[in-house]
Amino acid sequence: MANPISPPPQSPSSSSCSSKRRKLSHNNQPQALIPGLPDHLAQVCLSLVHPSFLYSVCRSWRRLIYSSSFPPFLSLYALLSTTNPSPPNEIRTRTQQQQPEVHFSCFDPISSAWQALPSPPTEPPHRLLLHHPCFISRNLPIQTVSVCGELVLLAATSDDFVPALPRPLIFNPLSKSWKFGPNFSAPRRWCAAGALRGSVYVASGIGTHYSIDVARSAERLDLKNNWEWERLSGLRDGRFSREAIEAVGWRGKLCMVNVKGSAAKNGVVYNMEADVWEDMPDGMIAGWRGPVAAMDEEEMFVVDERDGALRKYDTVRDCWIRIMESDRLIGAVQMVAGGGRVCAVSAGGGEIVVVDVAVSPASLWVVDIPSGLQALAVHILPRMTRP
């Protein structure tokens, strides 16, 4: 899969591009992708070229890179919300409060443009609550994961302060469509949510009312082979229902802690082969001081929210090795890894910080969020198709 989640390479010279445009699009009639070659052979040749070059040459090549027959390149998918319309010190009643709106959008690194995703199904209607009078200073979490090239919406809070989703919502970028997953055995929020080897996992959390059974439970949904939730062995206690946690899939295991940030925390590791929960290694939990993500479920990275240091976990020495440090990463709230890039939502959600960890030294750049919006979460998935 092509991976242009990076500053685009230098384009061919303007004279070369102009020449190709004259040859390939001198009129409005459909043109062969490459004159003298059948289109199916031309597609094979063009698939070896970086999509940024194809985008800048002509319309037919531009349409090609977004077609279902062309290898999809990776893009950023973000959960965005409108900024809080109320002045920060103004206290309003619940009926007076204007709730921020939630949007799902995709950033195309080839065109450097944001595009809204199709609206999710509305039957039954889903009202996702971001603020509540009882929690004035914080956002209520909306939990999403990416798995098997799809975006999965798993947990949120509704107006009546109960779980908003009786079943997950799943978006496929290649078909540009949403579908419902199977019903949860216990709808929940403030849970641990993650992905491992093609399956979605949810653990702990709070249902309509607090229940120790729900707080200690865990379930798995295999998106490819078994379209139903499978009950897993339970957690030892309910301490993982305190916050919305991102469970990180790594080398056949699911790693998670019960508290975000740099505070003291408990950590557990789920071994999928043995269906058992194990203690997290001391060095792993000691360095878990911010958002964590795994690259292809093999290499695990953390951003220290205090000093903005990006580190990689060394399983042999049970420690985290520093890769780079940046003020832009201080206070990062969420992170994802894929295609050799680590992408983090900045403090305040005003930008997405992208770090290329496939090169040494690592390089960094930012993707700005559209005006009037802030990012809540980011994922790396194939680009959407276009007609």
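This dialogue goes through confidence, fold content, cavities and backbone outliers in a predicted model.

User: What should be known before reading the model?

Analyst: Residues are numbered from 1 along each chain as its sequence is written, and side-chain values use heavy atoms, with hydrogens and water left out. As this is a predicted model, local features need pLDDT of at least 70 and side-chain atom pairs count only at pLDDT 80 or more, while totals for chains, interfaces and linings use all residues.

User: What pLDDT does the chain average, and where does pLDDT stay under 50?

Analyst: Where pLDDT (the predictor's confidence in each residue, from 0 to 100) is low, the predicted coordinates should not be read in detail. Here the chain average is 87, and 87% of the residues score at least 70. Residues 8-26 stay under 50, and the model has 26 contacts for them beyond four places in sequence; a contact means heavy atoms within 4.5 Å. Residues 87-96 also stay under 50, with 7 contacts beyond four places in sequence.

User: How many helices and strands are there, and what share of the residues is buried?

Analyst: Helices (H or I, at least four residues) and strands (E, at least two) are DSSP runs, numbered from the N terminus. The chain has 6 helices and 24 strands. Buried means under 20% relative accessible area, exposed over 50%, and partly exposed in between (1.4 Å probe, protein chains only). Of the 387 residues, 51% are buried. Among contacts with a separation of 6 or more, 55% are between residues 24 or more positions apart.

User: How many cavities are counted, and which residues line them?

Analyst: Rolling a probe the size of a water molecule over the atoms shows where empty space is left. On a 1 Å grid over the protein atoms alone, a cavity is a set of points where a 1.4 Å probe fits but cannot get out, and lining residues have an atom within 4 Å of a point. Grid points are joined across faces, edges and corners, and a volume is the space filled by probe spheres set on the points. The count is 2 cavities of 30 Å³ or more. The largest holds about 50 Å³, and its lining is made up of Tyr66, Ser75, Cys106, Asp108, Gln115, Arg383, Met384 and Arg386. The second largest holds about 30 Å³; Tyr201, Val202, Ala203, Ala218, Glu219, Leu232, Leu254, Tyr270 and Trp277 line it. Strands S9 (199-203) and S10 (218-222) each give at least two of these residues, and S9 has the largest share, 3 residues.

User: How do the linings divide by class?

Analyst: Ala, Val, Leu, Ile, Met, Phe, Trp, Tyr, Cys and Pro count as nonpolar, Asp, Glu, Lys and Arg as charged, and the others, Gly among them, as polar. The largest cavity has 3 nonpolar, 2 polar and 3 charged lining residues. For the second largest, the lining has 8 nonpolar, no polar and 1 charged residues.

User: Which residues have a positive phi, and where is a cis peptide bond?

Analyst: Most residues other than glycine have a negative phi, and most peptide bonds are trans. Cys148 has a positive phi of about 55° and sits in the loop between strands S4 (143-147) and S5 (150-155). Cys148 is partly exposed, at 34% relative accessible area. Ser204, with phi near 60°, is in the loop between S9 and helix H5 (212-215). Ser204 is buried, at 0% relative accessibility. The cis bond joins Ser360 and Pro361, with omega about 0°. Pro361 lies in the loop between strands S22 (351-356) and S23 (363-368).

How values were computed
On a 1 Å grid over the protein atoms alone, a cavity is a set of points where a 1.4 Å probe fits but cannot get out, and a pocket is an open set with protein on both sides within 12 Å along at least five of seven lines; lining residues have an atom within 4 Å of a point.
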